[in-house]
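This report introduces a protein structure to a reader who has not met it before. It proceeds from the overall division of the chain to individual strands and residues.

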Amino acid sequence: MKTGWIAALAVTAALCAPCAAEAQTGGFLRAEGTRIVDETGEPVILRGMGLGGWVLQEGYMLQLGALGQQHVIRARIADLIGEEKTEGFYAAWRANHTTKADIDAMGRWGFNSVRLPMHYDRLTLPVDQEPVAGRDTWKEEGFAEIDALLAWVKANGMYLILDLHAAPGGQGSDLAILDRDPSKPSLWDSAENRRKTVALWRRLAERYADEPAIGAYDLINEPNWDFETPGGGHGCEETTNAPLRSLMREITTAIREVDPRHMIVIEGNCWGNNYRGVTPLWDDNTVISFHKYWNATDRASIADILRLRDETDAPVWLGESGENSNTWFTQTIALVEGEGIGWAFWPLKKIGFNQPLEIAPNPGWPRLVAYLTGKGPRPSAQEAQETLMRLATHDIRFENNFEHRDVIDAMLRQPHSDAAVPFVAHRVGAAGVTLRAADYDLGRSGVTWKDVYDADTDGPGERIPWWNTGRTWRNDGVDIGLDGGEPVVVEFETGEWLRYTVTAQAAGDRRVTVVGAGGRVSVSLNGGAAAAVDLPTDDGWREGRAVDLPFMAGTNTLILKAEDCGACRVKEIQVGG
């Protein structure tokens, strides 16, 4: 398996050679017309990931979506194990969730930037906890965390974008993304919260004013607030957005008092997409960010932001996107890069299957989740403590994460290439070889696989259906489940197909056997005629009728297709010696 992935990485690296060149930070980034350029004037396409879940947990990333905000999750944990041990859990979480190994991996894969979602409470006290009203207490530990991340980013020749993801009081009605407590004044309800926000950005700008590896300051993540016009609480119908514009201008002024060089990133209302009243721009080194989730991947889907780019003569940046399938990732990235627009997808890791790194929680975690979400018994404090610390000291660390090679390939290689790359090095000699059905080649839909449903464009909400109904192993449209811990293809429907690259040591006829159940499939080799294989319709795994296929020495392409299947299951393809 590793050999096959090394080959895939070699292709990715070759195709992304320009990306790597851009990643060797060419000094301060700046806005020049509608492009982001480095100090030499060369255009830079930012390709990055957001570090969601590190210093700001959202419930869904932990299978705790029902709880929502980090402070709610924290309170539930403290009720179980006490405040002191809860603080120990969060300290361990911050120390292990994102380390240099994570950033080194991003650099190896071909990313050139990192977006850090900051929680203000790691850097300063909430206004209602300040010993002296109107004065700011600064938390050096939080700034040191940023310093460490910056050092890792610089070691990989990348850029770091600072993103205020949770502003004092909270900047919207979507509570989980900004850890807002609705019983307290929001950012918009409190002049003191806004003053502290301005002061925090000035403090950050003072600290990093001379640091070219800081790519930009992303002022306020996803404002979503109704100021004057009812819009479901999220500012989507606002026409003036005057308080948002005013605060971002005030922040910019404070930054420019100490830092004249760094790019400013602004985000509109309605989760970064409603810019009515926000423009005209007030600073000539500004990038306009937009966020894109669960919608179409055609040019019409970004027509409004392209029009805004033309009207303002300023660069735009897809500052957050993701949480979809590989097909959607590839199509979206190809779309925006085709317009000269960079991107930062979300997140680098979580408990879940559709991002570069997947956290596999320990066996105690489902039981703890059941209790925390009101669906199971209360565990003992000792059991909860052990589960939490195993998660925070082991499960979340890079070396224990599952690396989704298919997701990385879909983001960095496939937007620029329709070539197929082996997912596994399938080599057949005298002893034969067994191909796991789930180990089909890496590549785009229609190139290495075909499925009836391969992306979600239906908007926010529960994912029904999922593109991969098993939500494991890979993030394509192919439906994959686990059988005894091993990945198998399930719900293989009529017309769907999978491609495998097989390298034969010598030419000759070889017997091919499909192990599966549920209907009729076919196998074909090197574009030749398809040979039908009837799979048993009973439960369990059975061998279908074997067929003989003429392999050539060297590279061969094997296609497995569902010919008459409501929901066939395929475990493996056996190629004789």
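Helices (H or I) are DSSP runs of at least four residues and strands (E) are DSSP runs of at least two, numbered from the N terminus. The structure described here is a predicted model.

**Domains and annotation**

The unreviewed UniProt entry lists residues 86-348 as "domain: Glycoside hydrolase family". Over residues 86-348, helix accounts for 39% of the chain and strand for 16%. The C-alpha atoms at the two ends of residues 86-348 are 24 Å apart.

The domain assignment gives domain 1 as 54-95 + 361-394 and domain 2 as 98-277. Domain 3 is given as 286-360 + 403-417, and domain 4 as 418-575. Between domain 3 and domain 4 there is an interface in which 23 residues of domain 3 are in contact with 26 residues of domain 4. The C-alpha centres of domain 3 and domain 4 are 28 Å apart.

**A three-stranded sheet**

An open sheet is formed by three strands in the order E11-E12-E13, with mixed pairing. Its edge strands, E11 (349-350) and E13 (402-403), each pair on one side only. Two bridges connect E11 with E12 (residues 357-358) in the parallel sense, and Lys350 is placed opposite Glu358 in E12.

**Strand E20 and its partners**

Strand E20 covers residues 508-525. Of its 18 residues, 13 are buried, so E20 is largely enclosed by the rest of the structure. The table sets out the strands with which E20 pairs.

| Partner of E20 | Sense | Bridges | Opposite residues |
|---|---|---|---|
| E21 (residues 531-534) | antiparallel | four | Arg520 and Asp534 |
| E22 (residues 542-543) | antiparallel | two | Gly516 and Arg542 |
| E23 (residues 547-551) | antiparallel | five | Asp509 and Pro550 |
| E24 (residues 554-575) | antiparallel | 13 | Val515 and Glu572 |

E20 and E21 form a hairpin with five residues between the strands. Within this hairpin, Asn526 takes a positive phi near 55°.

**Helix H15 and Asp406**

Helix H15 spans residues 405-412 and includes Asp406. H15 is mostly covered, with eight of its eight residues buried. Among the buried residues are Arg405, Asp406 and Asp409, together with Val407, Ile408 and Leu412.

Which side chain of opposite charge is nearest to Asp406? It is that of Arg474, at 4.8 Å. A salt bridge requires a side-chain nitrogen of Lys or Arg within 4 Å of a carboxyl oxygen of Asp or Glu. Asp406 is accordingly buried yet has no salt bridge. Leaving aside residues up to four places away in sequence, Asp406 touches Asn326, Gln414, Leu442, Trp473, Arg474, Asn475 and Asp476.

**Arg378 in a loop**

Arg378 is located in the loop between helix H13 (364-372) and helix H14 (381-395). Is Arg378 to be classed as buried, partly exposed or exposed? Its relative accessibility is 46%, so Arg378 counts as partly exposed. When residues up to four places away in sequence are not counted, Arg378 touches Asp79, Leu80 and Tyr371. Met49 is 329 residues from Arg378 along the chain, and the C-alpha atoms of Arg378 and Met49 are separated by 36 Å.

Conventions. Residues numbered from 1 in each chain as written. Predicted model: local features only at pLDDT ≥ 70, side-chain atom pairs only at ≥ 80, totals over all residues. Heavy atoms only, no water. Buried < 20%, exposed > 50% of the residue type's maximum accessible area, 1.4 Å probe, protein only. Lys, Arg positive; Asp, Glu negative; His and termini not counted. Contact = heavy atoms within 4.5 Å. UniProt positions renumbered as here; feature names shortened; annotations may be inferred. Pairing = 2+ DSSP bridges. Domains from an automatic or database assignment.
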